[in-house]
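Here are my notes on this model, point by point. Please read them with the coordinates open.

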Amino acid sequence: MTSLTEFFSRQEDDNLKGISHKNNLFKRNIIAHMAVNGECTLSELTKELHISVPTITKLVQELVQENIVTDLGKVETPGGRRPNIFGLASSAIYFAGVNIGRDNMSFLITDLHNNIVKEEILNDFELQDRPQCLEKICSNIAHFIDTCGVERAKILGAGVSVSGRVNPTTGRSYRYFTSSEQSLRDMIEQRIGIRVLLENDTRARCYAEYTNSKSKDETDVLYLHLGRGLAIGIVMNGKLYYGKSGFAGEFGHIPFFDNEIICSCGKKGCLETEVSGIAIEQKFGRLISQGVNTILREKYNKHEAIHVDEIID
């Protein structure tokens, strides 16, 4: 294996054939199982992945030699021969996470045990549908990757979340940076040199909540994200639900009010035009202009943007 990045970036329809191709897929499945379920024995892997004992034994030993999997020694059992237990080496592979917010960017690096190795928040940012903004997004991500303290070759990929309609299969955002023939995912990937997975920010939060909280014991979950925008994430039968066209969960863009307010999506009267953080900011501004007193008046008079967090505070 030349590198972990190459190993995981290789698509299933690549040019590898026969045993070599099958073993690489098996290794990915072994690593994925350990990443989700934690430490396990060879017999548990055999049962869960439906791979023969000799093959599992061979592949796990190869992963141990490649410093991806660690042999953690014998596990206690009620009786009989004690099996060895295996787990992922936390320093073998890392992941980058990026959230492109409407008024900030956040970055982090995690290891295979979901420990946060590095985390940064950039507040000097405003998401705009302009080429200059896309360049800033790419340069910010590239700078974080270069200065995070982890070897670039060990970073398996970058998960990037952004608001608005997103198709993670094609990597396209249908709200931002749509003028190029390239998808947003491909443009970022080409710029930073690391495999990118693009997802809607609410679905990403929904998946994180589902996999890292008590809700993972459920099979069907609705996640409500009420921030400057308004959306829901849906888990059905233990999996993220995308709907027929991939846009399920755009809850805030249901036409609900007869208010003639044009939403950011282009329609009038969407739910988001009345009950989102942006709607609260706009209502607050109108009230100040009508003479309502507030400790934020000075900021309003200076024509500075008033954020919903300041209103809540």
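1. The second largest pocket of this predicted model is lined by Arg102, Asp103, Glu126, Leu127, Arg175, Tyr176, Arg228, Glu281, Ala305, Ile306 and His307. By class, the lining holds 6 charged, 4 nonpolar and 1 polar residues. The space in this pocket comes to about 290 Å³.

2. Now the whole chain. There are 313 residues, and 40% of them count as buried. The secondary structure consists of 11 helices and 13 strands. Taken along the principal axes, the C-alpha atoms fill a box of roughly 80 × 40 × 40 Å.

3. Strand 4 covers residues 94-100, and 6 of its 7 residues are buried. Which strands does strand 4 pair with? One partner is strand 5, residues 105-111, which runs antiparallel to strand 4 and is joined to it by 7 bridges. Another is strand 7, residues 155-162, paired in the parallel sense, also over 7 bridges. Strands of a sheet pair through backbone hydrogen bonds, in either sense.

4. The link between strand 4 and strand 5 is a hairpin, with 4 residues between the two strands. For a check on the register, take Asn99: its bridge partner in strand 5 is Ser106. On the strand 7 side, Phe95 stands opposite Gly157.

5. Asn99 also makes a side-chain link. What joins the side chains of Ser161 and Asn99? It is a polar contact of 2.7 Å. Ser161 belongs to strand 7. Its relative accessible area is 9%, under the 20% cut-off, so Ser161 counts as buried.

6. A separate open sheet deserves a look. It is formed by 3 strands in the order 11-12-13, with antiparallel pairing. Strand 11 (221-226) and strand 13 are at the edges; each has a single partner strand, so one side of each has no neighbour in the sheet. Strand 12, residues 230-236, runs antiparallel to strand 13 and is joined to it by 2 bridges. Met236 has Lys239 as its bridge partner in strand 13. In a regular strand, side chains alternate between the two faces of the sheet.

7. Helix 7 passes a simple length test. How far apart are its end C-alpha atoms? They are 16 Å apart. The helix has 12 residues, 201-212. The expected span is 1.5 Å times one less than the number of residues, which gives 16 Å and agrees with the model.

8. Look next at the start of helix 7. There, a side-chain oxygen of Asn200 comes to within 2.9 Å of the backbone nitrogen of Thr202. Thr202 is one of the buried residues of the helix; the others are Asp201, Arg203, Cys206 and Tyr210.

9. Two backbone angles should be inspected. Glu260 has phi near 65°, a positive value in a residue other than glycine. Glu260 sits in the loop between strand 13 and helix 8. Is Glu260 buried or exposed? Its relative accessible area is 52%, over the 50% cut-off, so Glu260 counts as exposed.

10. His303 is the other case. Its phi is likewise near 65°, positive in a residue other than glycine. Where is His303? It lies in the loop between helix 10 (297-301) and helix 11 (308-312). His303 counts as exposed because its relative accessibility, 75%, is over 50%.

11. Lys267 lies in the loop between strand 13 (239-240) and helix 8 (272-275). Its relative accessible area of 36% falls between 20% and 50%, so Lys267 is partly exposed. Lys267 and Ile155 are 112 residues apart along the chain, and their C-alpha atoms are separated by 41 Å.

12. Finally, Ser20. This residue is in helix 2, which spans residues 18-37. Ser20 is partly exposed, with a relative accessible area of 40%. From Ser20 to Leu184 the separation is 164 residues in sequence and 33 Å in space, C-alpha to C-alpha.

Conventions: Residues are numbered from 1 along each chain as its sequence is written. This is a predicted model: local features need pLDDT of at least 70, side-chain atom pairs count only at pLDDT 80 or more; totals for chains, interfaces and linings use all residues. Side-chain values use heavy atoms; hydrogens and water are left out. Buried means under 20% relative accessible area, exposed over 50%, partly exposed in between (1.4 Å probe, protein chains only). A polar contact is a pair of N or O atoms within 3.5 Å; within protein, one must be able to donate a hydrogen and the other to accept it, and residues adjacent in sequence count only if both atoms are side-chain atoms. On a 1 Å grid over the protein atoms alone, a cavity is a set of points where a 1.4 Å probe fits but cannot get out, and a pocket is an open set with protein on both sides within 12 Å along at least five of seven lines; lining residues have an atom within 4 Å of a point. Grid points are joined across faces, edges and corners, and a volume is the space filled by probe spheres set on the points. Ala, Val, Leu, Ile, Met, Phe, Trp, Tyr, Cys and Pro count as nonpolar, Asp, Glu, Lys and Arg as charged, and the others, Gly among them, as polar. Two strands pair if DSSP finds at least two bridges between them.
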